[in-house]
Amino acid sequence: MFLTLDPFLPAIAVPLVIALLIGLGLPKRWSVRLSYVGFLAPLLSALHVWWYYSSVPQNAGFAFYHTYSTGLDSLGIGLKFGVNGISMPLYVLAALVGFSAGLYAIRSGAERLKWYLMLLLVMQAGLMGIFASIDVFYIYFFHELALIPTFIMIGVWGGRDRNYAAMKMTIYLTVGAMLSLFGLIAIYVKSGVHSFDLITLKATLAQYPLEVIKQEHFVGILLLGLGILVSLWPLHTWAPLGYGAAPSSASMLHAGVLKKFGLYMLIQVVLPLLPNGLAHWSHLLALLALFGNVIVIGLVTIAQRDLKQMVGYSSVMHMGYAFLGIAANSALGTGGVVMLMVAHGLSVALLFLLTTSIHQRTETFSFNDMGGLARKAPVLAALFMAATFASIGLPGFANFWGELSIFVALWHYSAWMTSVAILGVIISAIYGLRSAAYVFFGEPSSTFALVDSKRPASDITWSERIPALILLVALLFVGFYPASLTTAINASLPASTVTQVGTHP
Amino acid sequence: MDTSALQHLANQNVWGSLWPELSLGTLALLLLVLEIILPKKSHDVISKVAIFGQFILLGLLVFGICSDTLSKTEIFNGLITLTKTTHLFRIFFLLASLLVSMIARVTLAKQTMPKVEFYHIVMVVAAAMMLLVESTHLMMGFVALETVTIGLYVLVSYCRESALTLEAGLKYLIMGALSSSLLLFGIVLLYGISGNPSLVGHTADGMHFQALGAFLQLNPHNFIASVGVILVIAGIAFKMGVFPFQIWVPDVYQGAPTPTTAFLAVASKAAGFGFLLGLFKLVLLPYSWLVIPVLSFMAGATILFGNFAALTQTNVKRLIGLSGVSHAGFLLLGVIASATIPMAIGAVYFYLFSYLLASFLVFFVMAHVAQADDANQELTHFIGLSRDNPFLSAILAIGLGSLAGIPPLAGFMGKFFVFLSAYQAKMYSLLFVAILGVVISIYYYFSWIKAAFFESVELDPATPKRERTEVCMGNRIIFTVIALATLILGFYQGSLGQWLSW
């Protein structure tokens with residue numbers, strides 16, 4: 001009885017209803033209190049889904065299958081919820097990052113906090129919806145629902161250049177989203193089933209695949225659209241700018257979770273539906289990801305003198321690994337990408353959180369004006385070092401497993417690419433450790449000494465510590481016990497990766 | 001007096017089918033009577049009577065469509081055909097005139113003009129729009145269209161003390177007369193050629209849609225008929241504000257009082273589309289070899305022109321006018337697709353309704369922000385709106401978001417349905433143009449939202465503090481309902497989704 005209830009609808013509806021109540025004029029005190037509920041409900045739902053995932057019956061590979069009609073059945077569109085091994089880890093990721101970003105935002109005391117929380121709640125609802133939906137139309141719909149608040153949050157609560165950043169991000173991401181929608185409509189019409197239901201589409205297209213040339217065209221459009229959304233080089237320029245300007249909770253949610261939408265679409269929708277099309281583009285994709293994202297952006301990241309920009313660029317760089325895993329076109333690579341998405345989501349959210357905490361103490365993001373913060377804030381330093389290690393991909397953190405599987409898969413695809421890609425690990429070690437050194441060690445710069453003398457820097461407070469620890473514990477948990485996710489991922493991969501279509505059998 | 005004729009009329013009861021138009025006209029006349037008999041100081045009640053009466057009528061109409069007893073009826077020897085679709089359009093126009101009346105109460109309170117006639121003309125025009133969409137006869141259509149246009153001449157130049165309004169009135173008069181003459185010339189050509197006895201299937205009834213359609217079916221490449229078809233489309237294109245007949249839009253929209261602008265932007269455009277859809281389905285299909293390329297060119301050019309021209313506007317009335325031009329382009333996409341895809345008609349209806357809801361939200365806010373000089377409404381006047389009046393700014397955000405096509409608002413679903421049917425009709429290149437248009441439109445809609453929300457007054461000391469009209473309780477409730485409807489229609493289409501399978 002307990003397990004037959006739908007865990008997804010509350011996770012989406014509760015934040016939305018609370019956001020609506022706040023919008024209709026709830027007083028501030030109650031808005032803040034109810035926001036806790038709004039962020040907690042998705043987390044509880046996600047833990048429930050994760051814990052019982054293997055023990056509930058599945059419908060065509062999706063657990064907790066539930067459907068609701070919205071009146072568009074004649075078009076083959078409806079709210080269909082369920083998770084498989086690919087979406088379940090990401091569903092949990094969205095809830096974890098959302099909860100910690102929400103806690104951080106509630107305690108941050110932002111200006112016009114009520115409206116900030118309202119937008120964050122809408123975003124959270126959208127994020128949960130993306131990974132809970134089986135209907136491709138609704139995956140897209142929820143993505144847009146989560147995307148719009150980001151623009152507003154940057155525009156209102158952003159840092160410097162916020163107007164320019166908000167405008168640029170809006171235009172880039174709208175182009176990306178519209179192109180993706182075009183590609184999805186193409187699949188919908190040409191598959192002939194006139195349904196956006198992923199299960200129906202998979203079943204039909206497995207039996208009657210589209211012509212190869214059509215697949216190639218559709219994947220080309222989708223890769224362009226999704227590439228913009230995931231910041232594939234050279235379509236990435238919105239990302240560092242946008243993250244640099246965004247308020248911390250917004251960049252946590254966007255870089256940590258929302259940006260994974262594009263990769264998720266590639267794995268969950270494009271790979272099973274248009275395998276030959278993806279295989280056609282995989283070589284170009286691998287080259288762009290390898291030389292563009294990993295090497296060029298990696299070097300650009302090293303050159304950054306601004307902490308938040310650096311984290312933004314590093315997140316663009318790590319997307320390169322994810323694209324490489326997809327291009328490798330094997331079950332191992334795809335599984336590695338899912339793992340990396342979870343790990344990177346947690347670690348980059350943690351980095352953005354800590355970056356803001358550092359900024360509150362140094363009042364700058366510039367490396368030149370920092371130094372020696374570790375003496376004042378040892379716990380903050382320790383947390384930042386841990387996040388940096390995770391981001392580099394040291395064993396013990398979830399990132400290690402993701403990157404390892406991708407490198408092994410890539411070796412089967414192309415050995416020389418793997419050798420180049422591994423250079424990326426060195427690059428991330430350089431910028432990660434250097435940034436830690438600039439911020440925390442050495443002698444305090446004159447600017448920081450001045451700031452510190454005016455308002456002595458304290459160590460990280462509990463309201464910052466708890467959200468950070470939630471993320472760090474999740475990273476370590478998956479790092480030491482990867483089977484908590486991989487069992488589910490493995491079980492779903494053969495079903496969604498159509499038998500090897502790449503260059504290697 | 002010969003009572004048998006009256007008896008005959010009563011038995012046929014054709015007038016009864018036109019009860020919404022008739023009662024709207026009666027209500028309009030009642031307002032004039034009230035103006036004469038009521039003392040001057042209680043004239044304020046007249047506008048309330050107008051709004052209340054339209055509200056009751058709207059309830060009856062909605063009840064009518066829910067009771068589902070509507071079947072296709074031809075009355076007056078086929079001058080008028082009533083279907084479920086025309087009933088839908090009745091609701092559309094009545095809703096539009098109701099909301100225009102509500103906005104007019106806000107705007108006219110700032111003017112010194114006589115007020116009652118405004119509501120009177122709006123209602124008469126709305127009734128004429130209903131007849132226009134119902135007509136299946138070119139003469140009937142022309143008469144209805146002229147009633148609409150002449151009413152709008154008055155409405156556009158209503159605030160006759162403002163120079164910009166007079167300019168708008170004159171421009172609209174000249175352009176309207178030109179478009180009417182084009183349409184009439186087209187009608188005459190079609191009528192003349194279809195009555196030519198040397199052609200197959202010639203008919204004496206060439207004004208009637210069905211007969212004309214049958215004639216065109218048999219003569220699919222007649223030169224004179226093609227000229228007639230193009231001229232008819234050109235005449236309607238003026239109403240819809242479609243390239244290259246959109247050139248009057250910015251000036252007229254700016255000069256007209258805000259409620260009239262809303263009426264032009266929503267109801268007049270929709271009336272054009274309703275008439276075109278009927279004509280397209282019954283008459284023009286045999287000429288799709290000509291009509292579809294022409295309309296496709298117009299759609300693409302309209303989307304590009306509307307969006308690019310709106311980019312540089314700082315006056316919000318011009319901006320919304322030009323964005324309305326681009327919306328006409330998106331709607332035209334659906335009309336073209338409806339030649340092969342039945343779903344497209346439903347998509348156009350859904351788009352029109354979502355456009356109605358969203359536009360009126362925006363015009364409602366504009367009416368409150370505007371000062372006595374109605375033509376002078378700049379983007380900068382919206383700066384700080386979110387701080388001064390959160391309610392108005394929230395309404396504005398929902399309206400603009402829906403116009404921009406942002407989920408989960410109704411406008412997104414409308415665009416999605418139109419795009420879906422356009423893809424099914426294989427209009428790939430037009431779709432790319434449309435996608436480009438959407439991206440451009442995001443820019444100017446967001447700069448409006450940015451002005452209302454992001455830019456703070458402190459940064460711009462040059463702007464004097466602006467007084468904004470307080471929102472009265474009735475308006476507050478109605479427009480909250482419309483905003484919620486916009487929100488909910490984006491999530492849940494319910495039985496409205498069935499239109500799409502009609």
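These legends go with a set of close-up views of a predicted model.

**View 1. Two rings stack inside chain A.**
Let's start with Y188(A) and F196(A), whose rings form a stacked aromatic pair. Their centres are 4.3 Å apart, and the angle between the planes is 15°. That angle is under 30 degrees, so the pair counts as stacked. Y188(A) is buried, with a relative accessible area of 2%. F196(A) is buried too, at 2% relative accessibility.

**View 2. Two neighbours in chain B meet edge-to-face.**
Now for another kind of ring pair: F118(B) and Y119(B) are edge-to-face. Here the planes make an angle of 80°, and the centres are 6.4 Å apart. An angle over 60 degrees counts as edge-to-face, which is why this pair gets that label. How accessible is F118(B)? Its relative accessible area is 0%, so F118(B) is buried. Y119(B), at 3%, counts as buried as well. Over all chains, the structure holds 55 aromatic pairs.

**View 3. One aromatic cluster has members from chain A and chain B.**
Zoom out a little and you can find Y188(A) and F196(A) again, this time as part of an aromatic cluster. Chain A also supplies F137(A), Y138(A), Y140(A), F141(A) and F142(A). From chain B come F350(B), F412(B), F416(B), F417(B) and F491(B).

**View 4. Arginines sit over ring faces.**
In chain A, look for R465(A), which lies over the face of W462(A). The distance to the ring centre is 4.6 Å. Chain B has an arginine over a ring too: R476(B) lies over the face of F391(B), at 4.6 Å from the ring centre.

**View 5. A nonpolar patch shows on the surface of chain B.**
Five side chains make up this one: M139(B), V143(B), L184(B), F185(B) and V188(B). Together they have about 410 Å² of accessible area. Which helices supply at least two residues each? They are α6 (138-156) and α7 (163-194) of chain B. The biggest share comes from α7(B), with three residues. L184(B) has its place in that helix, α7 of chain B, and it counts as partly exposed at 32% relative accessibility.

**View 6. A buried salt bridge joins a strand to a loop in chain A.**
The side chains of K80(A) and D135(A) meet in a salt bridge, 3.6 Å from N to O. K80(A) lies in strand β3 (residues 79-83) of chain A, while D135(A) is in the loop between α4 (113-132) and α5 (136-157), so the pair ties together parts that are 55 residues apart in sequence. Are these two buried or exposed? Both K80(A) and D135(A) are buried. The count of salt bridges over all chains comes to nine.

**View 7. A salt bridge within one helix of chain B.**
D44(B) and K48(B) form a salt bridge, with their closest N and O atoms 3.8 Å apart. These residues are four apart in helix α3 (residues 44-67) of chain B, so about one helical turn separates them. D44(B) is partly exposed, with a relative accessible area of 44%, and K48(B) is partly exposed at 44% too.

**View 8. A salt bridge links two helices and belongs to a network.**
In this view, R318(B) and D251(B) meet through their side chains in a salt bridge, 3.0 Å from N to O. R318(B) lies in helix α13 (residues 316-337) of chain B and D251(B) in helix α10 (residues 249-255), so the pair ties together parts that are 67 residues apart in sequence. D251(B) is partly exposed, with a relative accessible area of 22%. There's a wider network here: E167(B), K171(B), D251(B) and R318(B) are linked by salt bridges.

**View 9. A helix of chain A is largely enclosed.**
Helix α14 (residues 331-362) of chain A has 32 residues, and at 1.5 Å a residue it should span 46 Å. Its end C-alpha atoms are 45 Å apart, which agrees. Of its 32 residues, 28 are buried, so α14(A) is largely enclosed by the rest of the structure. Just after this helix, E363(A) takes a positive phi of about 60°.

**View 10. Helix α6(B) is mostly covered.**
You've met α6(B) as a supplier of the nonpolar patch, yet 14 of its 19 residues are buried. At 1.5 Å a residue, α6(B) should span 27 Å, and its end C-alpha atoms are 26 Å apart, which agrees.

Notes:
Residues numbered from 1 in each chain as written. Chains lettered and ligands numbered in written order. Predicted model: local features only at pLDDT ≥ 70, side-chain atom pairs only at ≥ 80, totals over all residues. Heavy atoms only, no water. Phe/Tyr/Trp six-rings, centres within 6.5 Å; stacked < 30°, edge-to-face > 60°. Buried < 20%, exposed > 50% of the residue type's maximum accessible area, 1.4 Å probe, protein only. Lys NZ or Arg CZ within 6 Å of the ring centre and 35° of its normal. Patch = residues over 30% accessible without salt bridge, like charges linked within 9 Å, V, L, I, M, F, W, Y side chains within 5 Å. Areas by Shrake-Rupley, 256 points an atom, 1.4 Å probe, with all protein chains shown as cover. Salt bridge = Lys/Arg side-chain N within 4 Å of Asp/Glu carboxyl O. Expected span 1.5 Å × (residues − 1).
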